[in-house]
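Biologist: Hi! I'm new to this one, could you walk me through it?
Modeller: Happy to, let's put it on screen.

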Amino acid sequence: MNKILKINEIFFSLQGESSKSGLPTTFIRLSGCHLRCQYCDTKYAYHNGENLDIKSIIKKVKNYQSKHVCITGGEPLLQKSVYPLMTQLCDKGYKVSLETSGDKSAVLVDNRVKKIIDIKTPDSKAGVSVHFDNLKNLSNTELKFVICSDKDFNWAENFVKENNLSESKILYSPSFGEVTATHLAEKILSSGSSAQLQIQLHKYLWPNKESGI
Ligand code: SF4
């Protein structure tokens, strides 16, 4: 059966986040999110979207030249049909990544998919809601913390320490407009943190663009 997903948008741009930052990528943004992070820049994806079957989604992806595909949202794991979508994309030779909010179990995601798991900090105001199964197998996984304040930075450092994550791929991203990249860079350097600084590249390249970035 060709499964249906509610899709907010499919677009081609540069990857703005994760260790793949800067790579031309086709984005599939799924509709719907159960969280309400105070810095959310994709509120338009909470409800709007059109129902598409997997075949139609892959056909749209083929319109772009990139072999990199990022599944994002919203929260993609709210829709069960995202699992066969990711597997079919991998089968067709795409390098697939998944951006997820971290409080839904991602253990059933195809092993070929790179998982970028957001760990929500206290000042995200989303509620700290980590699904700890996601920390058990961190191969092909990056853990991303959006840092909104010095309090968040200290919380993230403690989280990494308490969960023995210093050997894992840890990304700290400054919350745009709340913490500067320079300030976060200096915090990382002065604290001996093992985290890698990342900026939301698309916000610097296209600061006034709301969607399709
Ligand atoms: S998890 Fe993502 S889409 Fe959902 S509210 Fe937070 S930033 Fe927005």
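Biologist: How do strand S5 and strand S6 pair?
Modeller: Strand S5 (residues 95-100) and strand S6 (residues 114-118) pair in the parallel sense, over four bridges. Helices (H or I, at least four residues) and strands (E, at least two) are DSSP runs numbered from the N terminus, and two strands pair if DSSP finds at least two bridges between them. One bridge links Ser 97 with its partner in S6, Lys 114.

Biologist: Before we go on, what kind of model is this, and how are residues numbered?
Modeller: This is a predicted model, where local features need pLDDT of at least 70, side-chain atom pairs count only at pLDDT 80 or more, and totals for chains, interfaces and linings use all residues. Residues are numbered from 1 along each chain as its sequence is written.

Biologist: Thanks. What does the whole sheet look like?
Modeller: The sheet is open and has nine strands, in the order S3-S1-S2-S4-S5-S6-S7-S8-S9, with mixed pairing. At the edges are strand S3 (50-53) and strand S9 (196-197), each pairing on one side only.

Biologist: And what pairs with S4?
Modeller: S2 runs parallel to S4 and is joined to S4 by four bridges; there, Ile 28 has Ile 71 in S4 as its bridge partner. S4 and S5 also pair in the parallel sense over four bridges, with Val 69 opposite Val 96 in S5.

Biologist: Is S4 enclosed or open to the outside?
Modeller: Largely enclosed by the rest of the structure, because four of its five residues are buried. Buried means 20 or more other C-beta atoms within 10 Å of a residue's own, exposed means 12 or fewer, and partly exposed is in between, with C-beta atoms placed from the backbone. S5 is largely enclosed too, because five of its six residues are buried.

Biologist: Can you pick out a residue in S5?
Modeller: Sure, Leu 98 lies in strand S5. Leu 98 counts as buried because it has 22 C-beta neighbours inside 10 Å. Leaving aside neighbours within four places in sequence, the contacts of Leu 98 include Ile 71, Met 86 and Ile 116; contact means C-beta atoms, placed from the backbone, within 7 Å.

Biologist: Which residues have the most contacts inside the largest nonpolar core?
Modeller: Ile 28, Val 69, Ile 71, Met 86, Val 96 and Ile 147, in a core of 38 residues. A nonpolar core is a set of buried Ala, Val, Leu, Ile, Met, Phe, Trp, Tyr and Cys residues joined through C-beta atoms within 7 Å.

Biologist: New topic: what surrounds the ligand?
Modeller: Cys 33, Leu 35, Arg 36, Cys 37, Cys 40, Thr 42, Gly 73, Gly 74, Glu 75, Ser 101 and Ala 126, where near means a C-beta atom, placed from the backbone, within 6 Å.

Biologist: Anything unusual in the backbone around there?
Modeller: Gly 73 and Gly 74 are joined by a cis peptide bond, with omega of about 10°. Gly 74 is found in the loop between S4 and H2.

Biologist: Which residues in the loop between S6 and S7 should I look at?
Modeller: Try Lys 125 and Asn 140. Lys 125 has a positive phi of about 65° although it is not a glycine, and Asn 140, not a glycine either, has a positive phi of about 55°.

Biologist: Is Asn 140 buried or partly exposed?
Modeller: Partly exposed, because 14 other C-beta atoms lie within 10 Å of Asn 140.

Notes
Two residues are in contact if their C-beta atoms, placed from the backbone, lie within 7 Å.
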